[in-house]
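Hi there,

Here is the structure I promised to pass on to you. Have a look at it first, and then read on for what turned up.

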Amino acid sequence: LAEQELTQKLVEGEELLEAGKMEPAMQVFQQVLESDGQNWTAHNRLAKMYFAQGQLQPAYDHLKALLEIDPECSETQFLTAFYWYAKKDLNRSMSHAERAKRLRPGNADLRNLLGNLYFVLGNWNQALAEYAAATKLAPERKEFRVNYEALAGSSTP
């Protein structure tokens with residue numbers, strides 16, 4: 001596909017995604033990748049859609065491509081941290097999460113994930129600090145506040 005056609009396909013995929021039409025959106029993003037295997041947006045959207053469906057391996061296939069395309073992208077690092085957290089590989093998850101935080105500390109979802117990681121690892125003060133940051137960055141997110149308040153209100157988690 002020509003550059004303009006690729007752009008149109010990406011827009012079409014985004015519109016389908018916003019309309020909740022996952023399968024057609026996935027097909028459109030796959031078409032983009034058939035033409036441009038290094039398209040960051042198509043890999044990103046497909047990884048997120050596979051995550052939403054609980055399909056970790058196909059998500060990881062797209063994450064590997066994203067890491068090759070731009071290893072310094074905070075969102076790619078965050079998604080990779082999320083993947084390893086779901087696979088219960090806390091060390092790999094922490095490594096990617098800390099890298100994502102260095103690149104973009106203002107990501108509330110990332111800060112909540114870091115809180116979860118520190119909590120599971122028993123670093124409650126660091127967990128509390130990350131939950132506080134997530135709550136401050138996204139005060140409308142109830143689940144972040146619940147994590148913070150649950151840890152802040154307990155003397156021993």
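A residue counts as buried when its relative accessible area is under 20%. Please keep in mind that this is a predicted model.

Let's start with Asn112, which lies in helix H7. Its relative accessibility is 9%, so Asn112 counts as buried. Leaving out residues up to four places away in sequence, Asn112 touches Tyr131, Ala134, Phe144 and Asn147.

Next comes helix H5, residues 74–86. How far apart should its ends be? With 13 residues at 1.5 Å a residue, H5 should span 18 Å, and its end C-alpha atoms are indeed 18 Å apart. Buried residues in H5 are Ser74, Thr76, Gln77, Phe78, Leu79, Thr80, Ala81, Tyr83 and Trp84. They pack against four helices that you can find in the viewer: H3 (40–52), H4 (56–69), H6 (90–103) and H7 (108–120). After H5 comes Lys88, with a positive phi near 65 degrees.

One of those partners, H4, can be checked in a similar way. Its 14 residues should span 20 Å at 1.5 Å a residue, and the end C-alpha atoms agree, being 20 Å apart. Here the buried residues are Ala59, Tyr60, His62, Leu63, Ala65 and Leu66. An α-helix has 3.6 residues a turn, so residues three or four places apart point the same way. Among the elements covering the buried residues of H4 are helix H2 (22–35), H3 and H5.

Enjoy exploring it!

Best wishes

Technical notes:
Residues numbered from 1 in each chain as written. Predicted model: local features only at pLDDT ≥ 70, side-chain atom pairs only at ≥ 80, totals over all residues. Heavy atoms only, no water. Helix = DSSP H or I, 4+ residues; strand = E, 2+ residues; numbered from the N terminus. Expected span 1.5 Å × (residues − 1). Buried < 20%, exposed > 50% of the residue type's maximum accessible area, 1.4 Å probe, protein only. Contact = heavy atoms within 4.5 Å.
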